[in-house]
Amino acid sequence: MLEILLEEKKRHPAAEARDLCKLLYQSEFGAGHMAMDAEAGLARLRAECAACGAGEDEPFTDVGGGLVRLHLRALPALKLRLETVNGLFARACAPRGSVAGLEAKLELLRANAARLGLNGETLEAELAAWRAAGYPALSHSRAYRDLYHPAYRLVPASARRFLALFQAIDALLQRQGRARIAIDGNSGAGKSTLGALLAGVYGGNLYHMDDFFLPPQRKTRERLAEPGGNVDRERFFAEVLSRLGTAFSYRPWRCHEGALAAPVAVEPRAVEIVEGVYSLHPDLRNAYDLRVFLAIPPKAQAERIRARSGEAMLERFVREWIPLENAYFSHLGVRACCQLAFDGAAQ
C-alpha cells in the first residue's frame with residue numbers, strides 16, 4: 001500500500017492529503033458510494049468520455065484492495081466498449097471493506113507523512129475532521145483537479161491482467177454480435193472466478209464442466225483410460241453446446257448426491273461462457289469463438305487448493321485429478337488450441 005501511495009505522489013506531485021485519503025478510501029470501500037443502475041452509469045460514462053477526449057494516460061494505476069483506476073483518456077487506444085467498462089465498474093461498486101480497514105491504512109499514511117510530502121499537523125487535523133464526519137467519500141482536491149483533470153473508473157485489478165481477453169470479446173461482439181468462450185486450464189488457476197467475472201460484466205450465461213462429470217455407471221476402465229475421458233462430453237454437447245442461441249434447459253450432475261439435479265432453464269445471451277477442465281476436449285472445442293487457457297505453477301496450485309478445499313482434498317487432487325488433467329492437456333494439445341493463455345497465480 002505504501003508503494004502505491006508513493007507512486008501516486010510521484011505521478012501527481014501536487015496530490016494533497018485529501019487525494020491520498022481518497023485513494024485509501026477507494027482501496028478499502030471501492031466505488032460503492034457511486035453505485036447506480038446500468039443505464040444511468042453508462043450515460044454518465046459516455047458523457048465523461050466525450051468531455052475528456054483521448055490522451056496518453058497510463059491505462060491502469062493501482063489503488064490497492066484488488067482494484068485499479070482505468071483512465072478514460074486511454075479507452076480509445078484500448079478499444080474497449082463502454083458497456084464493458086461500465087460492467088467492470090459495477091464490480092467495483094459491490095459492498096466491501098470496513099472502517100477498521102480504512103483506519104489501518106490511515107495509520108500507514110500518518111507514519112509516512114514526511115515521505116509523502118505531507119505536513120503532519122495539517123494531516124492530523126484533516127483526518128480528525130474526516131473521522132468526525134463518519135468518513136464520507138471524498139472528491140479530489142481543487143489543485144489535483146485543476147492540474148491533472150482526473151477521469152477514471154475503478155475496476156477490478158483482473159481487468160488489467162485479462163485486458164487482452166476483454167478486448168477479444170469486445171471485438172467479437174462488435175463483429176458478429178456474440179461471443180462463445182471456453183476457459184480451460186489447471187485446477188486452482190481461477191477459471192471459475194474468471195468465468196463469474198465475465199458473466200457479470202457481460203450479463204452472460206455461465207456453464208461449469210463440473211456439472212458434467214461422468215456418472216459412476218459410465219466410468220469404465222476403457223473410458224477412464226482416455227485422456228479427458230472422465231467428463232460426460234457427449235451429454236454436455238447434446239444438452240448445452242448444440243443448443244446455444246436458443247432457450248433450453250439442462251440438468252447438472254451433483255457428485256455428492258450421485259444424481260442429476262433439477263433442470264436449469266437458460267435463455268440465449270450474447271455472451272456464453274463455459275469454464276472448467278475438459279471444456280476444450282477436441283470433440284467440443286470447435287463450438288467456441290474464443291478459447292482461453294489459465295495456468296498456475298504447481299506450488300501456487302497446491303497452496304490455493306489447500307486453502308480452498310483442505311489438506312485431504314489436496315491429497316486427492318495430487319494423487320488423482322491433477323495427473324488426469326495433465327494427461328489431458330499434454331495428449332490433446334489443449335493449450336496449443338487456445339487463442340489466449342494466462343500464466344501465474346494472480347487473480
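1. Two strands are said to pair if DSSP finds at least two bridges between them. By this criterion strand β1 (residues 60-64) pairs with β2 in the antiparallel sense, over four bridges. The model discussed in this note is a predicted one, and the points below begin with this pairing before turning to other parts of the chain.

2. Overall make-up. The chain contains 15 helices and 12 strands. Its C-alpha trace spans about 75 × 45 × 35 Å along the principal axes. Of its 347 residues, 47% count as buried. Among contacts with a separation of 6 or more, 74% are accounted for by residues 24 or more positions apart.

3. Surface and charge. About 16,400 Å² of the chain is exposed, and carbon and sulfur atoms supply 53% of that area. The chain carries 45 positive and 41 negative charges, whose mean positions lie 2 Å apart.

4. The β1-β2 hairpin. Strands β1 and β2 form a hairpin with two residues between them. Gly65, in the turn, has a positive phi of about 65°. Within the pairing, Thr61 has Arg69 of β2 as its bridge partner.

5. Strand β2. How many of the five residues of β2 are buried? Five of the five residues, 67-71, are buried, so the strand is largely enclosed by the rest of the structure. Both faces are covered: Leu67, Arg69 and His71 lie on one side, with Val68 and Leu70 on the other. A bench reader may wish to note that Arg69 is among these buried residues.

6. Strand β3. On β2, a further pairing is made with strand β3 (residues 152-156), which runs antiparallel to β2 and is joined to it by five bridges. Val68 has Val155 of β3 as its bridge partner, while Arg69 stands opposite Leu154. Arg69 is thus named in two pairings, as the partner of Thr61 and as the residue opposite Leu154. In β3 too, five of the five residues are buried, so this strand is likewise largely enclosed by the rest of the structure.

7. Pro59. This residue is found in the loop between α3 (38-52) and β1. Pro59 counts as partly exposed because its relative accessibility is 23%, and the cut-off for a buried residue is under 20%. Leaving aside residues up to four places away in sequence, Pro59 touches Arg69, Leu70, His71, Ala74 and Leu78. Of these, Arg69, Leu70 and His71 are also named among the buried residues of β2. The C-alpha atom of Pro59 is separated by 41 Å from that of Glu239, which is 180 residues apart from Pro59 along the chain.

8. Helix α5. Eight of the 11 residues of this helix (residues 82-92) are buried, so α5 is largely enclosed by the rest of the structure. The buried residues are Leu82, Thr84, Val85, Asn86, Gly87, Leu88, Phe89 and Ala92.

9. Helix α10. This helix covers residues 163-176, 14 residues in total, and reaches 20 Å from its first C-alpha to its last, close to the 20 Å expected at 1.5 Å a residue. Its buried residues are Leu163, Leu165, Phe166, Ile169, Asp170, Leu172 and Leu173. After the helix comes Gly177, whose phi is positive, near 80°.

10. Positive phi outside glycine. Most residues other than glycine have a negative phi. His149 has a positive phi of about 45° although it is not a glycine, and Tyr278 has a positive phi near 85°. His149 is found in the loop between α8 (142-148) and β3, whereas Tyr278 is found in the loop between β10 (271-275) and β11 (290-294). Are these residues buried or exposed? His149 counts as partly exposed because its relative accessibility is 48%. Tyr278 is buried, with a relative accessible area of 2%.

11. Strand β5. Which residues form the covered face of β5 (residues 205-208)? Asn205 and Tyr207 form the covered face, and Leu206 and His208 the uncovered one. β5 pairs with β10 in the parallel sense over four bridges. His208, on the uncovered face, has Glu275 of β10 as its bridge partner.

Methods. Residues numbered from 1 in each chain as written. Predicted model: local features only at pLDDT ≥ 70, side-chain atom pairs only at ≥ 80, totals over all residues. Heavy atoms only, no water. Buried < 20%, exposed > 50% of the residue type's maximum accessible area, 1.4 Å probe, protein only. Contact = heavy atoms within 4.5 Å. Areas by Shrake-Rupley, 256 points an atom, 1.4 Å probe, with all protein chains shown as cover. Lys, Arg positive; Asp, Glu negative; His and termini not counted. Charge placed at Lys NZ, Arg CZ, Asp CG, Glu CD. Expected span 1.5 Å × (residues − 1).
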